[in-house]
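Here is a structure to question. Each answer sets a value against its definition.

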Amino acid sequence: MAVVEAHTQHLSSGQAHAHDEHHDHHDLPWIRKYIFSEDHKIIAKQYLFTGIFWAIVGGAMSLIFRLQLGFPEADISWLKPLLGKWITPEGKLDQEFYLALVTMHGTIMVFFVLTAGLSGTFSNYLIPLQVGARDMASGFLNMLSYWFFFLSSVLMFISIFIPTGPAGGGWTIYPPLSALPQAISGSGAGMTLWLISMAIFIVSLLLGGLNYITTVINLRTVGMTFWRMPLTIWAFFITAIIGVLSFPVLFAAALLLIFDRSLDTSFFLSDIYMQGQALHYKGGSPLLFQHLFWFLGHPEVYIVLLPALGITSEIISTCSRKPIFGYTAMVYSIIGIAFLSFIVWAHHMFVSGMNPFLGSIFMILTLIIAVPSAVKSFNYIATLWRGNIIFTPAMLFSIGLVSFFISGGLTGLILGNSAADIQLHDTYFVVAHFHIVMGTASFFGMLAGVYHWFPKMFGRMMDERLGYIHFWLTFIGAYCVFFPMHYIGIAGFPRRYYLFSSFDAFKTFTELDAFISMAAIFTVSVQFIFLFNFFYSIFRGRRAPQNPWKSNTLEWTAPINPGHGNWPGEIPHVYRWAYDYSKPGAADDYIPQNIPFSQTPESNLPHEKDEE
Amino acid sequence: MVTLLIIACILLLVLILLLAFRAHVLIGIIKNAYTGKVGVANKINAIGILIFFIVGLIAFYFSYQTAKPYFLPEAASVHGLATDRMFWLSMTIILIAFLVTNVLLYTFPYLYQYKEGKRAYFYPDNVKLEMMWTLLPAIVMTILVWMGLKEWNIIMDFPPEEECVVIEIMGKQFGWHVRYAGKDMKMGKYSFNSINNVNHMGIDLSDPNSMDDFCPNEIHLPKGKKILLKIRSRDVIHSVYLPHFRVKMDAVPGMATKFWFIPTKTTMEMRDQLGKPDFNYEMACTEICGKSHFAMRMVVVVDEPEEFEKWYAAQKPFVEENASSLNLPVKSKPVEQKTDTMSVAVEIKDTVNLDVLLNAKEEKSVALHINFAPNEFSLSEEAKTKVDEIYTFMIKNKDIKLEIDGHTDNTGDPKKNKELSEKRAKAIVDYLVSKGVKKNRLKAKGYGSEKPLVEGDSEQAKAMNRRVELKKIN
Ligand code: HEM
Ligand SMILES: [Cu+2]
Ligand SMILES: [Cu+2]
């Protein structure tokens, strides 16, 4: 945590500087300005730094268990200084700790990096700036939202170091495994901390989400109608709605699980005999938990992905110098995906023992959701067609995202088919699928966002050449890590396995597993190029011009280092949509949203005139 | 030394890179601040995208060819053949979609890379085109759904139980237990309350139908017959996974689940076909269930129906096999009941290997039968030789910590038993400490008669229950 604090402090010195230049600072004590700040821009950066911190932790964890999977024979005593007693005397990774690492890796990546780190950063940063608001609807609640997240992070982080180890039942924490400390040591204090941390996380997310929704509905500047909002805002807006509707269900599930664990209730437990004892639980249903979990869990993958898609839409359009193709269709497909995401959850449970008829229904609904997703991909590609494409690092990562979104989305069609899923469920095919479509795709969206909005956030440019190197190595590395996992999955290898050699059927592919592990080490290592570039550029990067990408959205009309309140004078009015790129007749190849039609008679389409 | 050298090299490398980068940036700053000019890098990236695609496709093709032999291990069930066909059909469809979209995605950036003075084509939408590419995936999805539904409904349409060979599978941490209905073809009832160290599945022994049920160590299946798996779990969720039969179904505590299928190839046929004389079908667990989730293996054998009948007939009922420890009045094989009054009368040979504690795949405790005189808690010489075994074990394994639990049989006052058992456990600990084992590595506990190893009042049972258990602690 110290890391985060330190960053925040560094950041503050850079910021103070900026403030002096613009003479717009209010007389707030230092701590209220940079630590307990109510300014959405500071809060966004706090989310970003915490997210980066968690990404390092989650990535490091994946390396440790990839070592085990790729080189199960290796002696890893040299990790003892780091892992202590979790390395057995024979120099092997402890079996339960393997599961704990997988669990924490999943939890951290999904919730702390790609929900809080991604949504928290960009929703906070961009919503007020792009809709034309001085700040979030409630700065105070926004601040609380971050600090609840911080508290939840601290608890989750502590849980990694307790003697019984962190939660180890998988990020899906299915009871009874997660309910009974006798079942696995991670289900002791580690699980308690996991549940409390997640409960606090949900509070944070709800505070943040309600703020995003309110801000978008109430604080749009004059002329910013819903149908003129950039797709980023649509994505953040709909994501927040999904979050607010689905996370409380996880809260309920977590609460009932807490009751089962500490108050001896039987919501999820029944007929259990463990370690020589028949337990008293009676009449609970483990399946109930799964329904509750996935009622959040599936929307969650869209909570992770939609903001990344929104960011990509914006970047692809800007860097192709073309309007996003099919803006209306893009909006409707976001809404469609959001709606459908609530009614497909049981595709994670085809072979859980639930009624097979439900399986049929959920298969149909699941395959329907593929349609709006396909539309989005086609529209991205159509946007590239006959563009005038500038490959900024952000653009490259956006193209990478579309590539992963297609690759991973397609395998979803196979998994959504309940009959085919019988064999593939809980194998590496699933691991490959979700890492590509949700993990890597969203990660690329996040990186694209950082590269694209870095000049706005820090008033400086990141180094482009390092950005290119970072992109290419990451892009190649990520495909090398996750693509071969399909093969392993089709061969039937189950996930969450410490070792495969215990089965004849899973003995093949040891070399491929080693290859994947090396690719993973490589891919994670090259992220340091990014980290270096990021921190270096905060202090030493070249000064950014006001609108480096020649973009149309409102944030680029604000000062290079926007102060509190974002625009020094009046908030600009909006007269057009965000995508007037390369409009025929226009002098320049972009017309920002705040330029009235009256100033651009040469390029106006017949129906375009100012309403005022 | 080598490590130091490596670290030094890495540091040096990092330093050089840093300096180079700093120089590069400084030059950039001297030249100008950020200009936004599109340079030669744009061209390189555009070409890079194209090369990535081509090289990627080639890598895809070759890696696919190498991996292919292991794909979808040879299907050996009727529905498995059908779902495999469907899998490959869907795969073909998505492969086509993959190729079409990717060709466009990777060539457009190359074709439409930035050119000075060029204008992009202002093309905000085209309703007809969008309609088309909404409908197209919708049609493809409909086909996929229809195929999947058909197959799913066949798989989930269970035949009547009488037509099937019924096998009960129960998962536990960490292993499987299976039960067949025996000669009467009727499976006895079960209850999790009846589970103990012998009766792992909690078979209801008062149910006459249970009497001929048998619980083999491997699953046998007759080829070409309908098999019905009745699946349950006694602790956490597990999942029955038979990769070759394309069978997967969760085992859930408190909820019975099932799956049915028809095996199509005997183990022998499969060995011939694959040219692997030691091939075996296997059952694995695919729901995370704890420490040894990865090691829940059970061998499955598919026989010709006649062989299966023979095997089936040769199996001994569970109650018969375990009559002594279950303490049941079994007609076919009466147990000799010893009635010695001395509490040490029944000798039990411990062939204990303490090393199992080291690499224990499950929470393991080892039972030792160390004899004490009645109501005594000091160690006899004979007892000491046994404790010495513990001593050497602890010296060999410096990190291990043990809990020593005393247990008595159920004769006499439970409270006194508990005290006695605790004193005995303490005596062992003291003896070990006296020989030089650190005190913090040991813990003594007494359970009296609370946790019998086996139920019953027979002397055999009592002797089994009078014991010391060693548990590894952290
Ligand atoms: C270098 C990057 C990464 C590598 C090498 C990696 C590797 C893996 C592997 C091999 C597993 C399966 C382990 C097992 O089943 O035994 C896994 C699980 C998982 N990963 Fe990653 N991963 C990476 C990044 C990510 C990202 C960005 C996400 C974000 C969504 C993510 C989310 C998950 C989740 C949710 C699980 C499932 C955890 C569970 O089974 O409970 N991973 N990862
Ligand atoms: Cu889902
Ligand atoms: Cu299991």
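Helices (H or I, at least four residues) and strands (E, at least two) are DSSP runs, numbered from the N terminus. The model is predicted: local features need pLDDT of at least 70, side-chain atom pairs count only at pLDDT 80 or more, and totals for chains, interfaces and linings use all residues. Residues are numbered from 1 along each chain as its sequence is written.

Q: Which helices of chain A each supply at least two residues of the shell around ligand 1?
A: They are helix 3 (40–70), helix 5 (95–131), helix 14 (428–458), helix 15 (464–490) and helix 16 (510–540).

Q: Why is ligand 1 said to lie between domain 1 and domain 2 of chain A?
A: Domain 1 (42–223) and domain 2 (344–544) both give residues to the shell, so ligand 1 lies between them. The bounds come from an automatic or database domain assignment.

Q: What makes the pair of ligand 1 and A:Tyr98 a polar contact?
A: A polar contact is a pair of N or O atoms within 3.5 Å. An oxygen atom of ligand 1 is 2.6 Å from an N or O atom in the A:Tyr98 side chain, so the pair qualifies. For A:Trp171, a backbone N or O atom lies 2.7 Å from a ligand 1 oxygen.

Q: Why are strand 2 (175–180) and strand 7 (257–261) of chain B placed at the edges?
A: Each has a single partner strand, so one side of each is left without a neighbour in the sheet. The order is 2-1-4-7.

Q: How do you know that strand 4 and strand 7 of chain B pair?
A: Pairing needs at least two DSSP bridges. Five bridges join strand 4 (residues 227–233) to strand 7, so they pair. The two run antiparallel.

Note on methods:
Chains are lettered from A and ligands numbered from 1 in the order in which they are written. Side-chain values use heavy atoms; hydrogens and water are left out. A polar contact is a pair of N or O atoms within 3.5 Å; within protein, one must be able to donate a hydrogen and the other to accept it, and residues adjacent in sequence count only if both atoms are side-chain atoms.
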